[in-house]
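Reader: I've got a structure open and I'd like to learn how to read it. Can you walk me through a few features?

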Amino acid sequence: MNRSHVLTLLGLKVGSNTSPLLLIPPPSPPSLPLPNQAFWAQLAFEELHVPAFTVLPAPLASLFALGATTGIVLHIGRDRSEVSIVTDSIIRWECSTTVEVGCGDCETWFEDLLMKDTDLDKNLQMNLGGDGTWEAGQKEKMIKEVAKVIWTECTGDDLEIPPAEAGSKAIAAVTAQAQEDDSFDVAKK
């Protein structure tokens with residue numbers, strides 16, 4: 001397909017462009033193979049007529065947005081999470097890793113916690129007017145609804161997280177508690 005045809009389909013009219021272009025590919029290594037970078041650069045200069053073009057890996061973009069050049073970037077996806085180590089604006093791919101734990105695992109773990117919560121069980125029974133026993137699949141359905149409400153209402157862009165204290169070098173502090181049993185721990189994995 002002709003590139004000018006794609007631009008016409010998108011409704012882009014390219015004349016003289018004075019704005020530079022920044023491309024941030026997905027965070028997984030390799031960030032963007034060289035042939036793809038060459039294609040995007042050719043498209044940017046020849047078709048979009050940009051005066052400057054830069055490819056910036058996502059881990060660097062994340063740190064630069066925080067005003068840092070060294071740090072650990074954690075990208076949590078649906079089924080996996082990627083940890084990238086950056087030292088003085090250099091991504092250390094040999095130290096970076098991908099872990100097969102994502103938001104889906106956290107949601108499953110959270111639903112399991114809700115299933116084991118006896119107080120929630122009593123409250124749901126009381127609100128349903130039940131006699132203390134559940135019909136087949138009824139409790140699971142109710143727990144999924146409760147979890148869905150919590151994930152949609154208590155998370156998102158409008159959630160306010162207090163900023164780190166002035167002068168603090170840590171962006172976020174996490175406290176760990178010892179777990180008494182050997183059950184599956186998403187955060188530990």
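Author: Sure. Keep in mind that this is a predicted model. Let's begin with contacts: skipping neighbours within four places in sequence, V86 touches P59, L60, L63, T69, T70, G71 and I91.

Reader: Which residues make up the largest nonpolar core?

Author: A core is a set of buried nonpolar residues joined through side-chain atoms. Here the largest one has 7 residues, and V86 is listed along with L56, L60, A61, L63, V73 and I91. Helix 3 (residues 58-65) gives the largest share of this core, 3 residues. Another core, of 6 residues, lies apart from it, with L114, L124, I143 and A147 among them.

Reader: What about S84, is that buried or exposed?

Author: Buried means under 20% relative accessible area. S84 comes in at 4%, so it counts as buried. You'll find S84 in strand 4 (residues 81-87). Leaving out neighbours within four places in sequence, S84 is in contact with P59, G71, I72, V73, W93 and S96.

Reader: How many disulfides does a search of the whole structure find?

Author: A disulfide is a covalent bond between the sulfur atoms of two cysteines. The search of this whole structure turns up 0. Take C103: its nearest cysteine sulfur belongs to C106 and is 6.0 Å away.

Reader: Why is there no bond from C106 to C103?

Author: Because the C106 sulfur is 6.0 Å from that of C103, which is too far for a bond; the cut-off is 2.5 Å. As for exposure, C103 is partly exposed, with a relative accessible area of 33%, and C106 is partly exposed too, at 28%.

Methods. Residues numbered from 1 in each chain as written. Predicted model: local features only at pLDDT ≥ 70, side-chain atom pairs only at ≥ 80, totals over all residues. Heavy atoms only, no water. Core = buried A, V, L, I, M, F, W, Y, C linked by side-chain atoms within 4.5 Å. Buried < 20%, exposed > 50% of the residue type's maximum accessible area, 1.4 Å probe, protein only. Helix = DSSP H or I, 4+ residues; strand = E, 2+ residues; numbered from the N terminus. Contact = heavy atoms within 4.5 Å.
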